[in-house]
Amino acid sequence: MINKHLNILLVEDDEDDFILTRDLLYEVEGVSYDIEWASTYETALEAIKRKCHDIYLFDYRLGERTGLELLRTALDSGSKVPVILMTGQGDKEIDMEAMSAGASDYLVKGHIDAQLLERSIRYAVERKKANDQISHMAYYDSLTNLHNRISFKESLKQTITINKGCDKITALLFLDLDNFKRINDTFGHTVGDDLLKEVADRLKKCVRKSDCIARNVFNETNHTIARLGGDEFTIVLSAGHIHDAANAAQRILDALSSPFELEGDKMFITASIGIAVHPLDGEDVETLIKNADAAMYHAKELDKNNYQFYKKSLNETSLRRLTVENSLRKAVENCNFTLLYQPKMEISTGKIVGMEALIRWEDPEEGMISPTEFIPLAEEMGLINPIGEWVLRTACAQNMSWQKAGLTPIRVSINMSGRQFKQKNLITMVSDILNDTGLDPRYLELEITESIVMENVNTTIATLNDLKKMGLRLSMDDFGTGYSSFSYLKRIPLDIIKIDQTFIKDIHSDPQDRTIINAIIVMAHSLGMEVIAEGVETERQLSFLVASKCREIQGFLLSSPLTSAEATECLEKEALGDGIGVRLYRKITDRFDDITAVQRVIRQEEGTGRVFDAIEGNACE
Ligand code: C2E
Ligand code: MG
Ligand code: MG
């Protein structure tokens, strides 16, 4: 059946001829036409570009140009709209040329009446419909209306070419239903077919939820779902990252997991999915298909109902990483982090003089993830800057709120990553945050590591100097584990050096560590820097540090990292004269009424192994 309403583009440079043809069209009963008139070749081209017509009627003579040229241009631009060409006089040659160029019909103006025109239009439109149907059959699967194997391959090839140009990867998901044969055998082919149709619908639906899936994985224009035959389906995706493909695969498995209602029965079906990624797993269509298929078989071997990437190693080593990467991205979007605060004590007074902000990420599925695991990952993924900025802002705001509550001002320190020093606007970011929160720079300390400085000595030192000029404090974290050379150390405007916890750990058993600690302290003092020891867990360790003139300590002996509420409470007690540091200090000084006596003992006993027993007052030899 021909459409009852048709949009026509009538290209005619003679107004009288236009009116004549238009009136003929209006004479026809049973069909209504919307007619757009283009009087020049150029306006016609513009109208064609809009792609809103069912049929084109072109006059042969269009000023200097011809309707035949227009026809060729339209076809070249991919137009599938049927074209009827009209001329003033019949000319067999033009007729032949028009038909071989692809015109649907060729009419001579003087001989056209309403009936002839209507019939010519009707035939053209019907022929086009039939053609469309045939090509649909050639490219689509008749059962599910998804793409078939031929168009799937074409589309995969095209997607690869497009994605190559814009740095995206192309992922091929090869899906095979688990135990489908059993359903076919038990319930018959009609039920099997219905199930396949329903599976196709679910695939389409879960692929259409483009808003739910990050970064356009399932953009309408970027994916193709196909049925290759039987219960085999493929999905071609364009993605920014491999984990987009993993995400999509999981989404599909989830979509299939709810029961299928067929003939009043509830049926459950699962699928196994293999994933091959261009360019990692193959450069061309055939290799990718082969590898995705192999990965799918691997998924079947692994108990079905799961997805596997082609490379086995990728599965094993990267899958947890993929999951973590993925949730890390979300955590950054939603700011799913908290800061703990670990107190620092001044040894000579027992006062809490600072708090180190330590980040925590609690992932809903993976649980608590340590910064030692996710900070390097965040660095690699380019997420460290937003995280670092959040840490800085939160810690400064927290410190400001302690000051506003009337507590004795302390310094808050935050840990910096190497990547943050590559950030162009680091200085502006820090000064903006200080401005926004109102925190005096001298209450902010940045902890850097030797490796940060070593990565790019000159620029990093320049940046550190700029930061220092702003008035904040700089600390060298984990000192002794890197490769600091003294010449660099002199050039860095450090306020304090933090002796790494590995040296503190073995104070009582390793005389070498004691020597190193003493050497670090002497060196720091000679460069005008202070020293703090981290990871102090026992009174023995503290006693040694007291005697070695270490300025500050931090560690479980004093306090483990605290939540912000706990840290507030800790500072409130401190203000009342009952702080954890003061108590610890009393305990130590009660035992040694004269600190210099301890030093004397250490000097005498150094190297004999009895030093700590002596300090603790229970030397037995
Ligand atoms: P770090 O800066 O050297 O922090 C000290 C780590 O030792 C912390 O681990 C702390 O909880 C732990 N610790 C404190 N006292 C003791 C003790 O007495 N004994 C022992 N055995 N451990 C103690 P945490 O919180 O897991 O942090 C690990 C590392 O992650 C930090 O080492 C730091 O390099 C990094 N980090 C933490 N927060 C951030 C952050 O916000 N940004 C960046 N870039 N890195 C961070
Ligand atoms: Mg630190
Ligand atoms: Mg440290």
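Student: Before we start, what counts as a donor here?
Tutor: Donors are N, O and S atoms within 2.8 Å of the metal, and water is not among the atoms, so sites may look incomplete. Also keep in mind that this is a predicted model.

Student: OK, so which residues coordinate the magnesium ion (ligand 2)?
Tutor: E356 (OE), N415 (OD1), E447 (OE) and D477 (OD) do that, at 2.0 to 2.2 Å.

Student: And how are those donor residues spaced in sequence?
Tutor: For the magnesium ion (ligand 2), the pattern reads E-x58-N-x31-E-x29-D. Take two of them: N415 is in strand β18 (residues 411–415) and D477 is in strand β20, so this pair ties together parts that are 62 residues apart in sequence.

Student: Now the magnesium ion (ligand 3). What coordinates that one?
Tutor: D477 (OD), D478 (OD) and E534, which appears twice through OE, at 2.0 to 2.5 Å. Along the chain, the spacing of the donors of ligand 3 is D-D-x55-E.

Student: Which parts of the chain does the pair D478 and E534 tie together?
Tutor: D478 belongs to strand β20, while E534 is in the loop between β22 (530–533) and α20 (539–547), so the pair links parts that are 56 residues apart in sequence.

Student: How far apart are the magnesium ion (ligand 2) and the magnesium ion (ligand 3), and which residue coordinates both?
Tutor: They are 4.0 Å apart, and D477 is the residue that coordinates both.

Student: Switching to ligand 1. Where does it sit?
Tutor: Ligand 1 is in the largest pocket. There are 23 residues around it, and R360, N415, D477, E537 and F556 come nearest. You've already met N415 and D477 as donors to the magnesium ion (ligand 2).

Student: What kinds of residues make up that shell around ligand 1?
Tutor: It's a mix: nine nonpolar, seven polar and seven charged.

Student: Which elements supply at least two residues of the shell each?
Tutor: β16 (352–363), α12 (371–380) and β20 (473–479). Of the shell, β16 gives the largest share, with four residues.

Student: What about polar atoms: how far is Q342 from a nitrogen atom of ligand 1?
Tutor: A polar side-chain atom of Q342 is 2.9 Å away from that nitrogen. On the oxygen side, an N or O atom in the side chain of D478 is 3.0 Å from an oxygen atom of ligand 1. F556 uses its backbone instead, with a polar atom 2.8 Å from an oxygen atom of the ligand.

Student: How much of the accessible area of ligand 1 does the protein cover?
Tutor: The protein covers 82% of the 790 Å² that ligand 1 has on its own.

Student: Last topic, the backbone. Is the peptide bond from H278 to P279 cis or trans?
Tutor: That bond is cis, with omega near 10 degrees. P279 is in the loop between β13 (271–278) and α10 (285–301).

Student: And what is phi of N145 near?
Tutor: Phi of N145 is near 65 degrees, a positive value in a residue other than glycine. You'll find N145 in the loop between α5 (114–139) and α6 (149–165).

How values were computed
Residues numbered from 1 in each chain as written. Chains lettered and ligands numbered in written order. Predicted model: local features only at pLDDT ≥ 70, side-chain atom pairs only at ≥ 80, totals over all residues. Heavy atoms only, no water. Near = heavy atom within 4 Å. Polar contact = N/O pair within 3.5 Å; in protein donor to acceptor, adjacent residues only side chain to side chain. Areas by Shrake-Rupley, 256 points an atom, 1.4 Å probe, with all protein chains shown as cover. 1 Å grid on protein atoms, 1.4 Å probe; cavity = no way out; pocket = protein on both sides within 12 Å on 5 of 7 lines; lining within 4 Å. Sits in = over half its atoms within 2 Å of the grid points. Nonpolar A, V, L, I, M, F, W, Y, C, P; charged D, E, K, R; others polar. Donors = N, O, S within 2.8 Å, 3.2 Å for Na, K, Ca; no water.
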